[in-house]
Each structure stands twice: as C-alpha cells, then as structure tokens.
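Hi,

Here is the structure I promised to pass on. Have a look at it first, and then read my notes underneath.

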Amino acid sequence: MSLLIKRCVVLLSLLATGLLGSGAASGHGGEDHGDEAHARPAPTVASAPRASARSDEFELVAVLDAEQRIVVTLDRFATNAPVGGARLEIDAEGQSAVAAEASPGVYVAKIAALTQAAPGMKLPLTIAIEAGDSADLLTTTLEIPAPAERDVATVRGGADSATWLMGAALLLAAVAVLAVRRIRQKRSMGGHLTMLALAFAVTGAFMHDVRAHGGEDHSHAAPTPAAALPPSGDAPQRLADGSLFVPKSVQRRLGIRTVQVRTGELAASVELNGTVIPDPESSGRIQAPFAGSVQPGPRGMPVGGRKVVKGEILAYLRPVASAIERGNQQALLAELEAQLAIAGRRMKRLEQLEGAVPQKEIEAARIERDALQRRRAFVAASVDSAEPLRAPATGVISASHHLLAGQIVDAREPLFEIVDPARLAVEALAYDPGIAGTLESASALAGETALALNFVGGGRQLREQALPLLFRIVAPEASIAVGQPVKVIVSTTRGIRGEAVPRQAMTKVGAGETAVWVHDEAERFVARKVRTRPLDAARVAVVDGLHDGDRVVTEGASLLSQVR
C-alpha cells in the first residue's frame, strides 16, 4: 500500500512540474516570442488614405481609392451642396493632372506620384478650383497609413494560460493529497483512485485545449479603445466622444445640407395659442327661422365642399306644428276664405250700381277684398308652403350639420355654414394685454405648415382671462381647416441676442433635450445642446449653445441621429 502511495505522489509532482513548465515556455504553439511581442503596437483598423481642406467658399475631401486614383468630393462650405461643373487641377510631388467629373461634385484623377507612394508617406496636395465666377487654391496633405501591426494579445494570452495551468496543477495536487489521506485511513480505494483518474483526464484535456490555441483567448480579446480607431471605408459611425464620422459619399446619399449661422440681434417673440376661424367679412351661417322640416333645394341637399354664390337657394324649410295649432290655422284659413267670398260678392254688387252709390264705398269694398286675399295667403303659407333658405355669402359649404331631407329642426338651429377658403383668419389669446402695442409681425405654425399673418386688431374685453387677437392669413394653404389649432408666433419690438436657425434643424437627444447637429469638420458632425426661443413659424432663436459661423445641419438632421 505504501509503495502505491509513493508512486502516486511522484507522478503528481512530475505532472505539476510539466504543467508549469509548459505554461511558462509555450507562448504560442510552443514558440518563444520573448520581448518581441511586447514591442508591437496595438492593432488599428485599416482605412482609405484621405485628406480634407476648406476655405470660405469650398470644402473638399480627397481619398486615394483601391485603384490608386485620387477621388475629390467638392462641396460649398456654407451649405454642403455639391459643386458640379467645376475644373480641378491636382498637383502632387510636382506632377499635376486635371480631374474628370465622375458625378455631380465628385472628381477623379490619376497621378503617377500617388501610385508609387509607399506606406507611411505624407504627400502634399495642391488643388486649384474654378467653379463659375469663383476660384480658389486649397492645400492639404495625404498620409498613406502604415500596415496594421500584429496584436500584442499573444503575451497576455501566454501569461493567462500559465496562470490557468498553475491553478489546474494545484487543484490536482489537492485532490491527490485528499485521496492519500483517505487511503491511509483505510477507506475504500476504488472511489479515490477513480477521483484521481478523473482529475488526470480533466487536466489532460485542458492542457490539450490550451496548447492547441497557444494560450490565446480569441473570443474575449481585449478590444482597442474606440477613440484610437480611425474610421474605415464608407460606413458612418459614432465615435467615442459622441461625434459622428460620416463620409462624404454617405452625406450625399442622406442629402445633408447646412446653413452657416450668424450671431446678432433678433426680435423677441411670444408664442400664443390660436384657432383657425372663418373671416367674418366673407363667411356666413344659415339658421332655421322657425321649427320645420328641411326639404331639398333646386340642386338637391347641400353637402360640404359645394361651391355656392350669394342669394342661391340651398334648401326649403317647411313649417311644422302640433295637431291643435294646425287645426287652428286651418280653421282660420277657412274663415278667411268665407270672408273673402262675401267681400268679393259685395264688391261686384257695388260695381254694378256704380253711379248710383258713392265711389268711396266701391273702393272700400275692393280694399277689404285685397286685404282678405293677403291674409289668406299668409295663413296658407304657414300651413303648407316652404320657406327658401338662401346663401348669405359666396364660398363653399364648410358644414351642413349632417342634414337629411325631411329632418325636423328647431328654431335658430344652425343649418349651413359658408366659408371663403381664400379668406381665413386666426384668433389667438394673449395673456399680456399690452402685447398688441409692441407687435411688429406675426406668423403661425399649423403642424409642419408655416402661415404668414396680418394683424387685424384686438378686442378690449378679456375672455377666459385673455385678450382675443384677430389675424388674417395672407395666403391660406389647402391643408388648413376651420377650427384647426395653431401656434401663433408674434414678433415684438423687444430684442434678444442669438442665432436664427430653421425649426427643422431641431432634434432630440438624451432625455428629450433639444440639440442641433453642427458640421464641425468635412466628415465629422457634433451634437450641440441648445436653448431656444420662438422667432417665427419657420425659425427659432438659439440663445445658448452655438457660436458665430457654426454650420448647422438643416436637412437630414433626423437621419444623423440614427447613426450608431
């Protein structure tokens, strides 16, 4: 028994020594890299050689493509709009070539000096630009990046594998000691020998896996910090500082456009809640003069959107009454017809006796007969005839209140509303009664539609603790409807200092904060948090967050926010 124990201990010692030795000596498949691996730099991501330059008029990006051609993307500096039809002459290392326009704003040239450039070289470029009446000369440096270096994770992998091997050897030694103690205590040897065999098997499998991979952990290799990685290819990406790298080719596809802002004095504005209403001077409403039944007019029942002219008959209103009222009216009509018959016969007798009776009696009989005829017509109309409903203004029917033929309506009930779509107004509520005295101009924002307004006047009586102000829409849009809520931006004589920026440039970042994208460099965009105040329906005043001369993205800002 003691001989068996001694042999197990010797075997474990040899195994532990072999494990530790193999972990220390084998860094990568048995190779000894030594200090060479420590001297290698961290890996980088390969990218196409590129350079940029700009002036007050132009901005360009020069890229050396896979075919060793120089590709220049030329834009207007202020607006980022492509510059097409220009003439570009590129000079590199004393060699020059005129670039051909491959697409609007994209120019391609091939220079021998660039095809012979070695990695690590820095080539100065001079680009002469002629575009219409504008001419400029821009200089930049095109740097050819060196090949990507090998990763230094090998050394870390070798050290990590040695640590794991040492831990495995210590674990195996502990299992062996525990088994020996159990054997000395004369317990079952079968189970402990089985434990030793299992430990040997696990350790052997672990050694095989570690040596096969050379100590490298390919799935959990420590990544290079994002800030150290240059952009690669034509893929936009978000950098570690939150800015965006967007190649010029992607900017073209996204339709990115900018505006260069200037700091100055702007008119302070106030935002009011308003509602679109019909112009009181060109609109009308038809109400029921009495309770009755609605009957179709000459053109049928009026419907919304129908064009009408002033005085046109839209419908008829036939009066309705209770059975008692109708009976009384019919009884009165019968009585009037009897009186009219008597008056008619009396007038005829007097006319036959003309000359024998005074003329005034004949005239009195005629007047009495005419009066009875008119009374009978009025009473008959109240029983059977219908009242025509005429249009009070020219325009279109904006509301018909879902009237149907034969529908019974009450007196003073609204039946039809007529609006002139070319003349609409906006009523806004101002909680500052003195705003009308400082008002200079006004505009309205209905959804995404901007409306120009003319101030008509304001009342002098508060309504819901606010003063109603009336504005007339200068050029009504077809998408505007009566009753639609709008935001009225009133410019006052008070001034503020800031930058005027289109509303479409505003975007949301973080926790709903307002920001704009600033075109910081040719292919770099930065989000700036801003504080704004309303300026008019199309612009806002940025009072904090921008500087004079910043290029703010006005088209495609929402697309930039989606870059991850």
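Below is what I found, going from the whole chain down to single elements.

Keep in mind that this is a predicted model. The average pLDDT of the chain is 79, and 76% of the residues score at least 70. Two stretches call for caution. Residues 186-203 have a pLDDT below 50, and this stretch makes 20 contacts in the model beyond near neighbours in sequence. Over residues 205-232 the pLDDT also stays under 50, with 37 contacts beyond four places in sequence.

On the overall picture: the chain has 564 residues, and 36% of them count as buried. It holds 10 helices and 31 strands. If you take the contacts between residues at least 6 apart in sequence, 69% of them join residues at least 24 apart. The exposed area comes to about 31000 Å², of which carbon and sulfur atoms supply 54%.

Now the cores. In soluble globular proteins, nonpolar side chains tend to be buried together. The largest nonpolar core here has 30 residues, and the members that touch the most others are Ile70, Leu74, Leu88 and Leu114. Strand 7 (residues 122-131) gives this core its largest share, five residues. For a closer look, try Ile70: leaving out residues up to four places away in sequence, its contacts include Ala62, Val63 and Leu64, then Ile90, Tyr107, Val108 and Ala109, and also Leu114, Leu125 and Leu142. There is a second, separate core as well, with 22 residues, among them Leu272, Leu424, Ile435 and Phe471.

Next, a sheet to look at. Four strands form an open sheet in the order 17-16-14-19, and the pairing is antiparallel. Strand 17 (387-390) and strand 19 (408-409) are at the edges; each has a single partner strand, so one side of each lacks a neighbour in the sheet. Further in, strand 14 (residues 292-296) pairs with strand 16 (residues 313-319) over five bridges, in the antiparallel sense. One of the residues to click on is Gln295, whose bridge partner in strand 16 is Tyr316.

Last, helix 7. This helix covers residues 323-352, 30 residues in total, and spans 44 Å from its first C-alpha to its last, close to the 44 Å expected at 1.5 Å a residue. Which of its residues are buried? They include Leu333, Leu336, Leu340 and Ala343, followed by Gly344, Met347 and Leu350.

Over to you!

Cheers

Key: Residues numbered from 1 in each chain as written. Predicted model: local features only at pLDDT ≥ 70, side-chain atom pairs only at ≥ 80, totals over all residues. Heavy atoms only, no water. Core = buried A, V, L, I, M, F, W, Y, C linked by side-chain atoms within 4.5 Å. Buried < 20%, exposed > 50% of the residue type's maximum accessible area, 1.4 Å probe, protein only. Helix = DSSP H or I, 4+ residues; strand = E, 2+ residues; numbered from the N terminus. Contact = heavy atoms within 4.5 Å. Areas by Shrake-Rupley, 256 points an atom, 1.4 Å probe, with all protein chains shown as cover. pLDDT = per-residue confidence, 0-100. Pairing = 2+ DSSP bridges. Expected span 1.5 Å × (residues − 1).
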